[in-house]
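Me: I would like to work through this structure by question and answer. Please reason briefly each time and finish on the value or name requested.

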Amino acid sequence: MDVAQIIANRSGTDIITCDVTTQVSTAVQLLANKRIGALPVMRDGMLVGIFSERDVLYRLAEEGEICLSRSVGDIMTDTPITIDPSTRVDEALGLMTRRRIRHLPVIENGALLAFISIGDLVKSRIDEVEREAEAIRTYIQTA
């Protein structure tokens, strides 16, 4: 299964993003209100980074609460790791494990199509394993 199948029913307009100039405290509030762990960071419609809970924690530990008044662009993870829709789910999971990340932007022709989490990928694998198990049960019962 590839990532395109996971995001097939999603709309790019449903992606929650923030601008590089957004104040960190505002972005933190957005993460909390939406109960999400990261945001794609945009500048002029282009992905330029990812702002995550980890970014906030590391900066709070280094600087204290003064970081909350800075812009997301100052503390985000820049040069984000991205994938394209044809990436296989197991490849994406491997990439996330190796790079110790929990979110991946899905990019096609320079445009942000989706923003997937490790939870999205794990759920798709579980669904796939359950479908395979059901097919085996059905085969055994009819054999």
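Me: Which residue in β4 is the bridge partner of I50?
Reply: The model under discussion is a predicted one. Strand β3 is joined to strand β4 (residues 77-78) by two bridges, and these strands run antiparallel. Within that pairing, the residue of β4 that is the bridge partner of I50 is T77.

Me: How many bridges support the pairing of β2 and β3, and in which sense do these strands run?
Reply: In this pair, M42 stands opposite L47 of β3. Strand β2 comprises residues 38-43, and its pairing with β3 is antiparallel, over six bridges.

Me: Is strand β3 largely enclosed or open, and how many of its residues are buried?
Reply: A residue counts as buried when its relative accessible area is under 20%. Strand β3 covers residues 46-52 and is largely enclosed by the rest of the structure, because the buried residues among its seven number six.

Me: Which residue in the hairpin of β2 and β3 takes a positive phi?
Reply: The hairpin has two residues between its strands. The residue in question lies in the loop between β2 and β3, and its phi is near 55 degrees, a positive value in a residue other than glycine. With 74% relative accessibility, against a cut-off of over 50%, it counts as exposed. The residue is D44.

Me: What is the strand order of the open sheet?
Reply: Strand β1 is joined to β2 by two bridges, and the two run parallel; here C18 has V41 of β2 as its bridge partner. The β2 and β3 pair, in contrast, is antiparallel, and the sheet accordingly has mixed pairing. Its four strands have the order β1-β2-β3-β4.

Me: Which strands stand at the edges of that sheet?
Reply: In the order β1-β2-β3-β4, an edge strand has a single partner strand, so one side of it is left without a neighbour in the sheet. The strands in this position are β1 (18-19) and β4.

Me: What is the phi of T79, and is this residue buried or exposed?
Reply: T79 is found in the loop between β4 and α5. Its relative accessibility is 66%, and the cut-off for the exposed class is over 50%, so T79 counts as exposed. Although T79 is not a glycine, its phi is positive, at about 45 degrees.

Me: Which residue of β6 stands opposite V106?
Reply: Strand β5 (residues 103-108) is largely enclosed by the rest of the structure, since five of its six residues are buried. It is joined to strand β6 (residues 111-117) by six bridges, with the strands running antiparallel. The hairpin they form has two residues between the strands, and N109 in the turn has a positive phi of about 50 degrees. Opposite V106 in β6 stands A114.

Me: How far apart are the end C-alpha atoms of helix α6?
Reply: Helix α6 (residues 118-142) contains 25 residues. At 1.5 Å a residue, taken over one less than the number of residues, the expected span is 36 Å. The model agrees with this value, as the end C-alpha atoms are separated by 36 Å.

Me: Which residues of α6 are buried?
Reply: The cover over the buried residues of α6 includes α1 (3-7), α5 (89-99) and β6. The residues that are buried in this helix are L121, S124 and E128.

Me: What accessible area do L57, Y58 and L60 have together?
Reply: L60 is found in helix α3 (residues 53-63). Its relative accessible area of 32% falls between the 20% and 50% cut-offs, so L60 is partly exposed. With L57 and Y58, L60 forms a nonpolar patch on the surface, and their accessible area together is about 310 Å².

Me: What distance separates the C-alpha atoms of E62 and G94?
Reply: E62 is also found in helix α3, and at 61% relative accessibility it counts as exposed. E62 and G94 are 32 residues apart along the chain, and their C-alpha atoms are separated by 30 Å.

Me: What share of the residues in the protein is buried?
Reply: The protein has six helices and six strands, and its C-alpha trace spans about 70 × 30 × 25 Å along the principal axes. The accessible surface comes to about 8800 Å², with 51% belonging to carbon and sulfur atoms. Of the 143 residues, the buried share is 34%.

Definitions and conventions: Residues are numbered from 1 along each chain as its sequence is written. This is a predicted model: local features need pLDDT of at least 70, side-chain atom pairs count only at pLDDT 80 or more; totals for chains, interfaces and linings use all residues. Side-chain values use heavy atoms; hydrogens and water are left out. Buried means under 20% relative accessible area, exposed over 50%, partly exposed in between (1.4 Å probe, protein chains only). Two strands pair if DSSP finds at least two bridges between them. Patches are made of residues with over 30% relative accessible area and no salt bridge: like charges are joined within 9 Å, nonpolar side chains (Val, Leu, Ile, Met, Phe, Trp, Tyr) within 5 Å. Accessible areas come from the Shrake-Rupley method with a 1.4 Å probe; for residues, only the protein chains shown count as cover. A salt bridge is a side-chain nitrogen of Lys or Arg within 4 Å of a carboxyl oxygen of Asp or Glu. Contact means heavy atoms within 4.5 Å.
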